[in-house]
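Here is a short briefing on two helices and one pocket. Keep the structure open while reading.

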Amino acid sequence: MLKIITLISCTALFTCAELSAQVQQATPAQEAIIEKYLSKGAYLHHYTSHEWTDYINAALGEDSTIALLWHHKALPLWKTMRYEMALSSFDKAVQYSRKEYLARRGFLKCIFQKNYSGALTDLEAAKKEFGLGYENDHSYDFYMAICHLQLGRYAEAKRVLLAEIERTDGRPSGYTPHYLELFFMGIIHYELRDYNKAIDYFEQSIGKYPQFSDAKYYKAVCYLKNGNQEKYNSLLREAKADYDNGMTISEDSRFYEKYPYQVNWAMVQLPE
């Protein structure tokens, strides 16, 4: 079911900020716009096509306060790396439906735009205002840890991610950490030059994803740092073979963006 946004005017009873904090519901007039320009228009075309954008722009011409339209206007821009234009539109989605789109903007800034300070601002605000939530199967804290990592704040990244790995509130019975949580904990320890601890986390990540080429690569590098050339050579070749079989980070967004610390094999010299 489509998430629909409503137009609610600012009155003496409510401020604009209060209204934007809600996930809005569409008025009948807005539902008609969505039906005409999305269901019977943009959705019949690929989101990178001119027709998609033409229908979205026409709909915005009738009602520019529908957050869903701004989200859809930004979509092809994110996917084609026109980040400043994408953000300009997505900011409008956040303006009209803050609760629905604030954390999403933080995720997009983190994974797509690589604006880690900006992503932290959005994710921390979303958590404070609305509680811990998820984007693309990972919690806000997961992305905040990545942001701290990418900003060189290794101790803070470790603190945030370790708390997420050990969190039990809201978890189903028998939950175990995601392989990427373990991978990035390994990366944090690698950057802290605690290579033995990094190897331990990479092993745990590989245990959940046995062909995970990126974890094997960094585990191999840790062996090399520890002076074990033989294990490095063997595991690096294994990692490259897994990569050649398509076994890398499996997030949906990987088709559009490289994830932090995802291995660029063009920069790797394999042992002879």
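On the other side of α11 from its buried residues, Asn196 and Gly207 are exposed. The model is predicted. The points below take α11 first, then α13, then the pocket.

**Helix α11**
- Tyr195, Ala198, Ile199, Tyr201, Phe202, Ser205 and Ile206 are the buried residues of α11.
- These residues lie on the same side of α11, because they cover an arc of only 165° around the axis.
- Their packing partners are α9 (154–166), α10 (179–191) and α12.
- Helix α11 (residues 195–208) has 14 residues, so at 1.5 Å a residue it should span 20 Å. Its end C-alpha atoms are 20 Å apart, which agrees.

**Helix α13**
- Buried residues in α13 are Tyr232, Asn233, Leu235, Leu236, Ala239 and Asp242.
- The cover over these buried residues includes α12 (213–225).
- Helix α13 (residues 229–244) has 16 residues, so at 1.5 Å a residue it should span 22 Å. The end C-alpha atoms of α13 are 23 Å apart, which agrees.
- Gly246, just after α13, has a positive phi of about 85°.

**Second largest pocket**
- The second largest pocket has a volume of about 190 Å³.
- Two elements, α4 (67–79) and α6 (98–113), give two or more residues to the lining of this pocket.
- The lining includes His71, Trp78, Lys79, Arg104, Phe107, Asn136 and Asp252.
- By class, the lining of the second largest pocket has six nonpolar, three polar and three charged residues.

Technical notes
Residues numbered from 1 in each chain as written. Predicted model: local features only at pLDDT ≥ 70, side-chain atom pairs only at ≥ 80, totals over all residues. Heavy atoms only, no water. 1 Å grid on protein atoms, 1.4 Å probe; cavity = no way out; pocket = protein on both sides within 12 Å on 5 of 7 lines; lining within 4 Å. Points joined across faces, edges and corners; volume = space filled by probe spheres on them. Helix = DSSP H or I, 4+ residues; strand = E, 2+ residues; numbered from the N terminus. Nonpolar A, V, L, I, M, F, W, Y, C, P; charged D, E, K, R; others polar. Expected span 1.5 Å × (residues − 1). Buried < 20%, exposed > 50% of the residue type's maximum accessible area, 1.4 Å probe, protein only. Contact = heavy atoms within 4.5 Å. Arc of directions from axis to C-beta.
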